[in-house]
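This note is addressed to a colleague who is meeting the structure for the first time. Please read the numbered points with the sequence and the model at hand.

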Amino acid sequence: MLVHDTLLVFGRYARQTLRSRFQMLFSMLMPLLYLLFFGPLLTGLPLGSPGDSWQVLVPGLLLQLSLFGASFAGFAVIIEKQSGVVERMRVTPVSRLALLLGRALRDTAVFVFQAVLLVLVAVALGLRAPLGGVLIGFGFVALLTVSLASLSYALAMKLSTPQEFGPVINAIAMPSMLLSGLMLPMALAPGWLDALSHVMPLRYLVDAMRDAYVGAYTSASMLYGSLVAAGFAALALTAGTAVFRRAGG
């Protein structure tokens with residue numbers, strides 16, 4: 001029943017997404033602008049990380065896409081609460097985990113699709129990376145999206161208005177971006193900033209994904225990144241499901 005209910009919820013929100021394809025593509029604008037206008041500035045610069053500038057920048061941009069897109073996914077729940085959709089769902093026998101997982105998997109499908117498009121553009125601009133590393137990168141994007149979307153939906157169930165939701169997300173997403181080395185490796189940072197960045201789970205995903213893009217599949221960063229990504233996803237789904245159950249969501 002969990003699989004059936006999850007697919008039912010996923011299908012509902014996937015159909016909504018397909019009816020707004022322009023919005024889905026438009027959300028790629030910021031990473032695409034970084035790729036087109038920021039990427040060429042890094043060519044040939046010593047970035048303190050294995051691989052060329054594209055192998056450093058592109059993994060960060062893919063995770064940035066997931067970070068900002070999935071973090072703001074909860075806006076949809078606030079709108080549904082205001083329009084009575086969530087209230088109607090409360091009286092259905094659908095699994096509360098399915099209500100969360102179906103939404104999060106829809107977001108995952110969207111952002112992995114966008115990540116594929118960004119990689120294709122990056123290849124045209126000069127990215128060269130092993131296919132295995134690129135596929136592993138998509139896996140990290142998927143896990144991060146599931147994690148952040150689940151937490152975003154849980155937060156949205158606790159808040160009443162977009163005016164409350166937006167500032168909270170910005171207060172979390174911006175430090176995460178700045179302290180994780182999404183744009184440039186933290187190896188370039190002063191020692192105190194590099195040390196502080198290790199409290200951010202996203203830092204480990206960034207390092208692991210950059211190793212994957214140079215084919216370093218057995219590195220310590222790959223191990224730590226994989227463990228953090230899987231653990232974060234499990235904790236986020238557990239916390240999100242608990243909120244949905246208490247709220248009857």
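1. A residue counts as buried under 20% relative accessible area and as exposed over 50%, and as partly exposed in between. At 22% relative accessibility, Asp 207 therefore falls in the partly exposed class. The model under discussion is predicted, and the classes above apply to its calculated accessible areas.

2. The overall architecture is helical: the protein chain holds twelve helices and zero strands. Read from the N terminus, the order of elements is α-α-α-α-α-α-α-α-α-α-α-α.

3. On dimensions, a compact globule of 249 residues would have a radius of gyration near 18 Å, and the protein chain agrees because its own value is 18 Å. Along the principal axes, the C-alpha atoms occupy a box of roughly 60 × 35 × 35 Å.

4. How much of the protein chain is buried? Of its 249 residues, 48% fall in that class. The surface that the protein chain exposes amounts to about 11,600 Å², and 72% of that area comes from carbon and sulfur atoms. Among contacts with a separation of 6 or more, 81% join residues 24 or more positions apart.

5. As to charge, the protein chain carries 16 positive and 9 negative side chains. The centres of these two sets lie 10 Å apart. Side chains of opposite charge can pair when their charged atoms come close. A search of the whole structure returns five salt bridges.

6. Arg 203 deserves attention, since it takes part in a salt bridge with Asp 194 and in another with Asp 207. The closest N and O atoms are 2.8 Å apart in the pair with Asp 194, and the N to O distance is 2.7 Å in the pair with Asp 207. Arg 203 and Asp 207 both belong to helix 11 (residues 201–213), and their spacing of four residues means that about one helical turn separates them. Arg 203 is buried, at 9% relative accessibility, whereas Asp 194 is partly exposed, at 22%. Asp 207 is likewise partly exposed, with 22%.

7. Are the partners in the salt bridge between Asp 107 and Arg 106 buried or exposed? Asp 107 is buried, with a relative accessible area of 6%, and Arg 106 is also buried, at 11%. Their side chains meet with an N to O distance of 3.0 Å.

8. A further group of charged residues should be inspected: Arg 12, Glu 80 and Arg 103 are linked in a network of salt bridges.

9. Helix 11 also contains Met 209, a buried residue with a relative accessible area of 0%. Which residues does Met 209 contact, leaving aside its neighbours within four places in sequence? They are Pro 59, Leu 62, Leu 63, Gly 137, Phe 140 and Val 141. Phe 138 lies 71 residues from Met 209 in sequence, yet the C-alpha atoms of Met 209 and Phe 138 are 9.1 Å apart in space.

Definitions and conventions
Residues numbered from 1 in each chain as written. Predicted model: local features only at pLDDT ≥ 70, side-chain atom pairs only at ≥ 80, totals over all residues. Heavy atoms only, no water. Helix = DSSP H or I, 4+ residues; strand = E, 2+ residues; numbered from the N terminus. Rg over C-alpha atoms; globule rule 2.2 N^0.38 Å. Buried < 20%, exposed > 50% of the residue type's maximum accessible area, 1.4 Å probe, protein only. Contact = heavy atoms within 4.5 Å. Areas by Shrake-Rupley, 256 points an atom, 1.4 Å probe, with all protein chains shown as cover. Lys, Arg positive; Asp, Glu negative; His and termini not counted. Charge placed at Lys NZ, Arg CZ, Asp CG, Glu CD. Salt bridge = Lys/Arg side-chain N within 4 Å of Asp/Glu carboxyl O.
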